[in-house]
Amino acid sequence: MSIVIQGRVVGLLALLLIVGSILYYMRQAYSGKIPKLRRLSAVDVIDEILGRCVEMGRPAYYLMDNVVMNNPSVLAPTVAAFQILSYTARSAARLGAKIFVPVVQGLAYTIAAEVVEEAYMAEGKIQDLNLPETVMYLPDGADRMYIINHMWSEQMAGAFFLGSWYHKAVIFTENAARVGAMMLGGTDTTHNIPFLVAICDYSIIGEELYALGAYLSEDATQASSLAGQDVGKFIALLLIILGSILATVGIDITSMLSM
Amino acid sequence: MQIPIIITSVAGILMILEYFFPMPDAVTGFNVTLRSFVAIISAAALILGTVVLSIFHVRKVGERKSEWMYSIVYVVSFVATALLGLGSVRNEIFLWIYSNMTSPIGAALYSLTAFYITSAAYRVFRARNWSAGVLLVCSFIVLLMLIPIGAILLPPVVPIGSWLRNYPSGAGFRGMIIGTSLGVMGLGVRVFAGRQKEHLGIREEKVGEQ
């Protein structure tokens with residue numbers, strides 16, 4: 001009997017290499033060497049959208065769609081969306097913009113409420129916050145009709161679509177576009193990236209969502225984790241080039257990969 | 001506060017070990033039980049959401065806020081369905097409500113997507129510039145390939161459309177998948193190391209650490 005299950009050796013090696021890189025950079029960060037993150041243009045877009053809302057005297061929506069946090073593939077974009085929400089709520093409090101944050105899951109609701117409350121407190125504007133109206137719990141399914149209706153009745157001037165997005169991406173963004181809202185969209189669910197890119201005025205693609213979250217949260221762990229992930233990207237790039245060359249010259253690598 | 005983090009790390013590492021290494025039946029069985037816990041714990045989160053929503057609507061009715069009459073619909077529907085469901089989920093009326101009201105409403109709402117996709121396509125597929133023009137041509141070829149009459153009217157769309165989907169589009173998607181998968185791995189490391197606690201409902205203000 002082999003030590004590792006047949007066909008999973010390469011996966012295990014890749015996992016060890018990438019996890020090792022992430023842990024290395026995290027260790028470096030705790031000893032004071034924090035990787036520098038590039039400022040994404042989306043940071044300025046957040047303020048631009050909120051500024052527009054203030055000028056027009058109309059509110060903005062911050063939507064995260066799927067926030068079921070016991071699913072690892074949903075947790076990652078949701079955590080990034082919370083980090084961006086923290087910055088967005090602080091900007092909204094500072095500029096005096098009204099935001100609505102509907103959430104469709106209990107645990108995420110408590111976190112979103114806490115994030116928004118902390119943001120208003122940090123800006124010394126807690127008296128301007130009506131928490132139950134700002135962070136709303138909506139049952140999954142009923143949220144579609146409520147949000148569409150609310151977008152029209154309040155004439156949203158801005159909207160953020162960040163997190164793990166599924167079919168609702170096209171429903172909400174299309175309505176927001178018709179209302180005339182300026183939009184920032186970003187998700188890592190590959191099949192919905194095209195909708196957000198196509199309809200939103202500004203978009204961040206895939207992993208940029210994590211980078212934006214890490215940049216705005218100013219968290220050393222997040223920044224170092226991103227640096228470790230970059231090592232994984234370089235390895236992937238190298239393997240793609242190597243694999244293309246080997247396949248082109250006729251060397252079969254499938255048996256090697258299925259070790 | 002260390003106990004939930006330790007439980008998360010041990011459970012997560014066990015799942016990873018089970019994927020890569022042959023494990024004794026006891027460990028595999030334990031992992032199966034752990035996975036069944038996920039459904040139960042997720043259901044518990046619903047209770048909090050339901051309580052928050054009910055409080056909101058009851059208050060709205062009490063304070064006669066705008067559109068308060070719709071909140072009555074919620075309260076009545078919620079109480080009736082909950083009472084019937086708590087009695088028995090096999091209750092005929094409860095099943096009728098689910099089959100003839102909840103399920104069709106859900107399907108109708110989901111079907112809205114088709115109409116919005118159409119209007120979104122109209123918004124996007126306009127040759128405003130060179131790159132939008134490329135998008136328009138490619139999407140037209142793929143759409144023709146996917147509809148039965150397309151291949152009859154214009155047979156070359158089938159190989160061209162397949163090539164577009166398998167190579168340029170496939171390569172782009174794989175790049176995104178690699179990026180997001182690495183992101184999930186990074187999250188896993190942070191969760192196991194106890195540096196990311198949002199999944200436990202804990203959020204620490206980290207501003208200024210950097």
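A residue is taken as exposed if 12 or fewer other C-beta atoms lie within 10 Å of its own, and as buried if that number is 20 or more. By that yardstick, Glu67(B) is exposed, because it has 9 C-beta neighbours inside 10 Å. The model here is a predicted one, and Glu67(B) makes a handy way into chain B. Glu67(B) sits in the loop that links α2 and α3 of chain B, and its phi is positive, near 60°, even though the residue is not a glycine. Most residues other than glycine have a negative phi. Arg64(B) lies in the loop between α2 (25–62) and α3 (68–87) of chain B, and here too a non-glycine residue has a positive phi, near 50°. Arg64(B) has 9 C-beta neighbours inside 10 Å, so it counts as exposed.

Further along chain B comes helix α7, which takes in residues 157–192. With 36 residues at 1.5 Å a residue, α7(B) should span 52 Å, and its end C-alpha atoms are 49 Å apart, so the two values agree. The helix does have a kink, though: α7(B) bends by about 45°, with the kink centred on Gly170(B). Just after α7(B), Gly194(B) takes a positive phi of about 75°.

Turning to chain A, there are eleven helices and six strands. Its C-alpha atoms fill a box of roughly 65 × 40 × 35 Å along the principal axes. Chain A has 259 residues, and 51% of them count as buried. Among contacts in chain A with a separation of 6 or more, 71% come from residues 24 or more positions apart.

Where the two chains meet, 63 residues of chain A are in contact with 51 residues of chain B. On the chain A side, at least two residues each come from α1 (9–30), α3 (72–95), α4 (106–122), α6 (142–154), α7 (168–179), α8 (193–199), α9 (208–217) and α10 (220–248). The largest share of that side, ten residues, is supplied by α10(A). By residue class, the side of chain A that touches chain B breaks down into 38 nonpolar, 15 polar and ten charged residues.

That brings α10(A) into focus. At 1.5 Å a residue, the 29 residues of α10(A) should span 42 Å, and the end C-alpha atoms are indeed 42 Å apart, so the expectation holds. The buried residues of α10(A) are Ala220(A), Thr221(A), Gln222(A), Ala223(A), Ser224(A), Ser225(A), Leu226(A), Ala227(A), Gly228(A), Gln229(A) and Gly232(A). These buried residues pack against α1 and α9 of chain A, and also against α7 of chain B, the helix with the kink centred on Gly170(B).

Leu238(A) also belongs to α10 of chain A, but this residue is exposed, because just 10 other C-beta atoms lie within 10 Å. Leu238(A) and Glu123(A) are 115 residues apart along the chain, and their C-alpha atoms are separated by 46 Å. After α10(A) comes Gly250(A), which has a positive phi near 90°.

Notes: Residues are numbered from 1 along each chain as its sequence is written. Chains are lettered from A and ligands numbered from 1 in the order in which they are written. This is a predicted model: local features need pLDDT of at least 70, side-chain atom pairs count only at pLDDT 80 or more; totals for chains, interfaces and linings use all residues. Helices (H or I, at least four residues) and strands (E, at least two) are DSSP runs, numbered from the N terminus. The expected span of a helix is 1.5 Å times one less than its number of residues. The bend at a residue is the angle between axes fitted to the seven residues ending there and the seven starting there. Two residues are in contact if their C-beta atoms, placed from the backbone, lie within 7 Å. Ala, Val, Leu, Ile, Met, Phe, Trp, Tyr, Cys and Pro count as nonpolar, Asp, Glu, Lys and Arg as charged, and the others, Gly among them, as polar.
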